[in-house]
Amino acid sequence: MNASPAGALAGTVALVTGASSGIGAATARRLASEGATVALIARRRDRLRCLAEGITRQDGRARVVEADITDPEQAYQAVQETREAFGRLDILVNNAGVMLLGTALHTTTQEWDRMVSLNVTALLHVTHAAVPHLIDAAATSPRQVADIVNVSSTAGRIARPSSSVYNLTKFGLNGFTEALRQELLIERVRVSVVEPGTLQTELVHHLGDATRTLQQVSGIEPLQAAGIADAIGYIVTRERRMAVNEMLVRAGDQTW
């Protein structure tokens with residue numbers, strides 16, 4: 001779908017973390033198709049460039065911002081670069097994350113630290129840097145609203161074997177989202193969480209061999225990233241009087 005001046009997000013600027021693949025890339029394309037200018041944040045510049053070129057070919061606008069947002073300074077600079085380049089920030093999609101499953105006996109604290117660093121700490125630094133700009137956008141834009149969308153998981157609702165620290169990060173993200181939603185109501189910044197279930201994603205390639213043998217998702221036809229991008233697109237294109245606070249999207253075959 002080509003972006004058009006009449007798109008629901010025409011004139012807005014969106015920042016998407018973890019944009020080099022999966023949900024992040026699909027979301028960037030979805031928001032651009034609605035007219036948003038999209039800042040693409042990730043570490044893999046080559047993938048970001050390909051994504052930006054694809055968006056441009058569809059008459060959209062995108063900017064590559066290579067950053068490792070687990071570094072607080074890089075997280076802050078990614079937000080500042082977006083704001084300086086485009087003069088505003090209307091939408092933040094916190095999508096970057098990693099899933100390293102394994103039992104407490106068979107995993108390492110380094111893997112736990114990596115999940116906490118990206119799934120929680122990086123998200124906090126990006127959000128903290130973005131909030132003042134989002135408040136300003138809500139106050140000055142014709143939409144009269146701005147948005148934060150945090151990508152969580154069914155792992156933020158249901159605890160499963162071998163996912164204790166992943167559960168920790170996603171349960172925590174859900175709680176943070178709800179508290180932040182209440183804080184920013186008065187500023188007309190909507191804060192939402194999307195919780196995908198079993199998904200066709202690069203995250204499964206980060207799992208160790210022992211974890212794969214658990215076959216927790218065996219027999220489930222996975223969701224596609226474009227479907228979650230559609231959910232995010234729906235949330236941020238609602239008129240200002242409507243806020244979709246939470247969206248749980250399970251695969252059709254998923255019981256948990």
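The following exchange concerns helices and ring contacts in a predicted model.

Biologist: How many of the 12 residues of helix H1 are buried?

Modeller: Helix H1 covers residues 22–33. Its buried residues include Ile23, Leu31 and Arg30, each with under 20% relative accessible area. H1 is mostly covered, and the number of buried residues is 10.

Biologist: What distance does H1 reach from its first C-alpha to its last?

Modeller: With 12 residues at 1.5 Å a residue, H1 is expected to span 16 Å. The model comes close to that value, and the distance reached is 17 Å.

Biologist: Which residue just after H1 takes a positive phi?

Modeller: H1 ends at residue 33. Just after the helix, phi turns positive, at about 105°. The residue concerned is Gly35.

Biologist: Is H4 roughly parallel or roughly antiparallel to H5?

Modeller: Helix H4 spans residues 109–140 and helix H5 residues 164–184, and their axes lie 9 Å apart. The two pack at an angle of about 15°. Because angles under 35 degrees count as roughly parallel, H4 is, relative to H5, roughly parallel.

Biologist: Does H4 pass H5 in a left-handed or a right-handed crossing?

Modeller: The handedness depends on which way the near helix is turned from the far one, and clockwise counts as right-handed. For H4 passing H5, the crossing is right-handed.

Biologist: Over the face of which residue does Arg238 lie?

Modeller: The structure holds 0 aromatic pairs, but arginines do lie over rings: Arg160 is over the face of Trp256, at 4.4 Å from the ring centre. Arg238 lies 3.9 Å from the centre of its ring, which belongs to Tyr234.

Key: Residues numbered from 1 in each chain as written. Predicted model: local features only at pLDDT ≥ 70, side-chain atom pairs only at ≥ 80, totals over all residues. Heavy atoms only, no water. Helix = DSSP H or I, 4+ residues; strand = E, 2+ residues; numbered from the N terminus. Expected span 1.5 Å × (residues − 1). Buried < 20%, exposed > 50% of the residue type's maximum accessible area, 1.4 Å probe, protein only. Phe/Tyr/Trp six-rings, centres within 6.5 Å; stacked < 30°, edge-to-face > 60°. Lys NZ or Arg CZ within 6 Å of the ring centre and 35° of its normal. Axes fitted to C-alpha atoms, helices over the stretch in contact; angles between N-to-C directions. Parallel < 35°, antiparallel > 145°, perpendicular 65-115°, else oblique.
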